[in-house]
Amino acid sequence: MSVRDLARPEVRAFQPYVSARSESPVAAAVMLNANESPWPHAWHPALNRYPEPQPRALCERLADHAGVAPDQVLLGRGSDEAIDLLLRGFCRPGLDAVVVCPPTFGMYAVSARLQGADVIEVPLAGARFEPDPKAILAACSPAVKIVFLCSPNNPTGNSVPLDAVEHVADALRDRALVIVDEAYVEFASTPSAAGRLTQHDNLGVLRTLSKAWGLAGARVGALLANREIVDLLRSIMAPYPLPVPSIEAALTAFEPEGRRRMREHVDILVEEREHLRKALQGAPGVREILPSQANFLTVRFEAVDAVRGRLADHGIVVRDITRYPGLADALRISIGTPEQNRRLLDVLAATRNGSAA
Ligand SMILES: *Cc1c(COP(=O)(O)O)cnc(C)c1O
């Protein structure tokens with residue numbers, strides 16, 4: 001059995017749109033095949049032309065960075081697009097389902113609902129919010145086509161152990177995809193699942209340039225997966241997902257200077273994260289700080305609304321995650337620059353239980 005057989009039958013048989021750029025990928029001296037304007041654009045000379053559908057240089061750089069082959073990379077408009085494509089490709093409306101492990105990133109369930117797929121919740125277990133492979137597998141009825149694992153998890157910050165990922169992927173071979181969202185992997189000390197793609201044809205890894213790489217505004221993300229999955233999703237994807245300026249911005253990120261900057265920023269943020277943790281530990285009004293492998297800390301407060309209000313009064317916005325199960329007293333605080341983190345600590349220090357000045 002091929003992992004393609006898990007996809008919707010109508011998607012397996014899909015006749016994709018053949019764009020001008022995919023039909024003639026090589027630039028000729030005279031390009032008269034795409035009804036583009038023949039004049040270079042004033043703001044950027046390449047803007048009059050459609051971009052490469054899957055820019056080869058960027059696929060190669062990202063593949064090299066992630067330790068996979070270029071044909072295992074599907075680039076898109078942020079990892080959000082990959083999540084949406086996975087749902088469209090593998091889940092039939094009204095029939096199929098996905099498994100998510102709350103509290104977790106909301107887009108898996110949003111894309112599933114939009115596609116008309118059932119969302120089966122298998123909550124992260126215990127005070128440490130660990131995924132429970134046994135419970136996940138028990139929830140995987142034949143309708144389940146995708147299991148989403150987020151590692152490090154947003155908003156709890158902990159990583160999913162690689163052996164748990166592999167155990168679930170093995171057990172679901174020929175039954176469902178296992179997608180590991182590694183949006184924060186650059187901040188983690190745990191290994192990526194990308195190195196395991198060749199061992200598991202039903203495994204996929206989501207990556208993004210939105211966090212550690214500092215390119216949230218460029219909207220560049222990727223699904224790393226085996227070629228059959230990549231090719232299948234390419235066939236249902238919009239013809240030109242990445243704008244020319246985004247491709248160029250992403251390419252500069254992978255130049256030596258861009259990589260150096262990324263690593264330097266990650267080092268600072270990880271150091272600041274641990275500094276913030278120490279400063280908040282045992283501070284008045286702080287109940288608990290969840291362990292974090294990401295660029296944020298999730299913190300439980302005695303008076304969470306008062307703390308959030310107080311921070312807002314001082315122009316500091318943090319993420320209210322009190323609607324998540326098990327986090328009714330928590331805020332998710334992104335790690336900022338050392339100066340921004342100092343301001344945060346100053347306001348919190350002056351906010352004893354959210355009441356005093
Ligand atoms: C921020 C984040 C993303 C990134 O999404 P993009 O569309 O690539 O910006 C993906 N997954 C999780 C869990 C995130 O927190």
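**Two open sheets and a ligand site**

In this predicted model, strands 8, 9, 11 and 10 make up an open sheet of 4 strands, arranged in the order 8-9-11-10 with antiparallel pairing. Strand 8 (286-289) and strand 10 (319-320) sit at the edges; each has a single partner strand, so one side of each is left without a neighbour in the sheet. Between these edges, strand 9 (residues 296-301) pairs with strand 11 (residues 330-334) in the antiparallel sense, over 5 bridges. Within this ladder, Arg300 has Ala330 of strand 11 as its bridge partner.

Two helices can be placed against these strands. Helix 10 (residues 256-280) lies across strand 8 and strand 9, and runs at about 15° to strand 9. Helix 11 (residues 304-313) lies across strand 9, strand 10 and strand 11, with an angle of about 30° to strand 11.

A further open sheet contains 7 strands in the order 1-7-6-5-4-2-3, and here the pairing is mixed. Its edges are strand 1 (73-76) and strand 3 (118-121), each with a single partner strand, so one side of each is left without a neighbour in the sheet. From one strand to the next, the twist averages 20°. Strand 4 (residues 144-150) and strand 5 (residues 177-181) provide an example of parallel pairing, over 5 bridges, and Cys150 stands opposite Asp181 of strand 5.

Helices also accompany the 7-stranded sheet. Helix 8 (residues 227-236) packs on this sheet and touches strand 1, strand 5, strand 6 and strand 7, its direction making about 135° with that of strand 7. Helix 3 (residues 56-66) lies across strand 1, strand 6 (203-208) and strand 7 (221-225), running at about 120° to strand 1.

Turning to the ligand, 14 residues surround it, and those that come nearest are Ser79, Asp181, Tyr184, Thr208 and Lys211. Asp181 thus takes part in this group as well as standing opposite Cys150 in the sheet. By class, the shell comprises 5 nonpolar, 5 polar and 4 charged residues. Among the secondary-structure elements, helix 4 (residues 78-90) gives the most to the shell, with 3 residues.

Several side chains place polar atoms at 2.7 Å from ligand oxygen atoms. For Tyr184, a polar side-chain atom lies 2.7 Å from an oxygen atom of the ligand. An N or O atom in the side chain of Ser210 is likewise 2.7 Å from a ligand oxygen, and a polar side-chain atom of Arg219 lies 2.7 Å from an oxygen atom of the ligand. On its own, the ligand has 390 Å² of accessible area, of which the protein covers 93%.

Notes:
Residues numbered from 1 in each chain as written. Predicted model: local features only at pLDDT ≥ 70, side-chain atom pairs only at ≥ 80, totals over all residues. Heavy atoms only, no water. Near = heavy atom within 4 Å. Polar contact = N/O pair within 3.5 Å; in protein donor to acceptor, adjacent residues only side chain to side chain. Areas by Shrake-Rupley, 256 points an atom, 1.4 Å probe, with all protein chains shown as cover. Nonpolar A, V, L, I, M, F, W, Y, C, P; charged D, E, K, R; others polar. Pairing = 2+ DSSP bridges. Contact = heavy atoms within 4.5 Å. Axes fitted to C-alpha atoms, helices over the stretch in contact; angles between N-to-C directions.
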